[in-house]
Amino acid sequence: MTQIAVLTPDPDDHTYVGRWPSVLDRLKATLEGTGATVVATPWTDHVEEASGLAAHDLILPVIAWGYHRDHGRWLKACAAWTEAGLPVANPAEVLRWNSDKTYLARLADKGVPIPPTRWSERVDQDQVEAAFAETGVSTLIVKPTVSAGAFRTLRLSRGDVLSDAPEGPAMIQPYLKSIETEGETSLLFFGGRFSHAVNKRPVPGDFRIQIQFGGLYTTVTPDAHAMALAEQVLAAVDEPLLYARIDLARDDAGAWVLMEAELIEPDFYLDHDPANGAGFARAVQDRLAV
């Protein structure tokens, strides 16, 4: 019988303890519908020694939430999984580079539009002021390059004093006003095929669209321009992808730009999928048949 491992958060990280089990239940129902046996195991149990994953036909890191809090161990785990040749999907090399948002610069070099971004090894007030002067905007976003779920993300207005800044490499971007008016749109792809899209809006007065901050989620049909950009992003990735969530928003000129290419542990929003995860199940079956 096919055995699939789903990597879950570090048991010592209680940040997501109330959320990830329900996501796991949805995934298990989808995957077990194909006849597979699904085993949940913390990713932190397989850092030093990868042999505990060797018996599985497929390893899905799709609930390895919190890796950004222990990035050094995450990189070590990715290296171990790569060296062991484990059937991880997405590939362990993707899990490595996608864990640092500087990948956005590489995608931009390939022609993918992203918000204007300043990269910093350690952000300070002078860099913030320079970003305001360079962009001419009234509001900026500052966040670590290794982050997830708005972790240590700041929204700064002109004249604000930088405090609680990210400790280490960071990125500075103009705040896109469309996040409040239109929200962010996530396009889900399984096995390279479009599945469904979800629009995510913050509650009034906030800029964080994550559900833990009250984000409001709605199933939508993406327009042709959003779809074209998502497909451009996928084409710019060299490795084969089992799944991808492409997060887009409109810039101040109304054009779609890439916010994130979520290739590690994105919520698939299967509760908003009209096909109830059938596309993901089919992609997994295709991957196992290779």
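This report covers backbone geometry, one helix and one pocket in a predicted model.

Residues are numbered from 1 along each chain as its sequence is written, and side-chain values use heavy atoms, with hydrogens and water left out. Local features need pLDDT of at least 70 and side-chain atom pairs count only at pLDDT 80 or more, while totals for chains, interfaces and linings use all residues.

**Backbone geometry**

A cis peptide bond, with omega about 10°, joins Ala 89 and Asn 90. Asn 90 belongs to the loop between helix 2 (71-84) and helix 3 (92-97); helices (H or I, at least four residues) and strands (E, at least two) are DSSP runs numbered from the N terminus. Two residues other than glycine with a positive phi are set out below, with relative accessibility classed as buried under 20%, exposed over 50% and partly exposed in between (1.4 Å probe, protein chains only).

| Residue | Phi | Loop | Relative accessibility |
|---|---|---|---|
| Asp 164 | near 55° | between strand 6 (154-157) and strand 7 (170-174) | 68%, exposed |
| Asn 276 | about 55° | between strand 12 (256-262) and helix 8 (278-289) | 59%, exposed |

**Helix 7**

The 13 residues of helix 7 (residues 224-236) should span 18 Å, and its end C-alpha atoms are 18 Å apart, which agrees; the expected span is 1.5 Å times one less than the number of residues. At the N-terminal end of helix 7, Asp 223 acts as a cap, with a side-chain oxygen 3.0 Å from the backbone nitrogen of His 225. The buried residues of helix 7 are Ala 226, Met 227, Leu 229, Ala 230, Val 233, Leu 234 and Ala 236. These buried residues pack against helix 4 (103-109), strand 8 (184-190), strand 9 (193-201), strand 11 (243-250) and strand 12, where contact means heavy atoms within 4.5 Å.

**The second largest pocket**

The second largest pocket holds about 190 Å³ of space. On a 1 Å grid over the protein atoms alone, a pocket is an open set of points where a 1.4 Å probe fits, with protein on both sides within 12 Å along at least five of seven lines, and lining residues have an atom within 4 Å of a point. Ala 89 is one of the residues that line this pocket, which also include Val 88, Pro 91, Arg 193, Asp 286 and Arg 287. Helix 8 gives the largest share of the lining, 3 residues. By type, the lining divides into 8 nonpolar, 1 polar and 3 charged residues, with Ala, Val, Leu, Ile, Met, Phe, Trp, Tyr, Cys and Pro counted as nonpolar, Asp, Glu, Lys and Arg as charged, and the others, Gly among them, as polar.

Note on methods:
Polar contact = N/O pair within 3.5 Å; in protein donor to acceptor, adjacent residues only side chain to side chain. Points joined across faces, edges and corners; volume = space filled by probe spheres on them.
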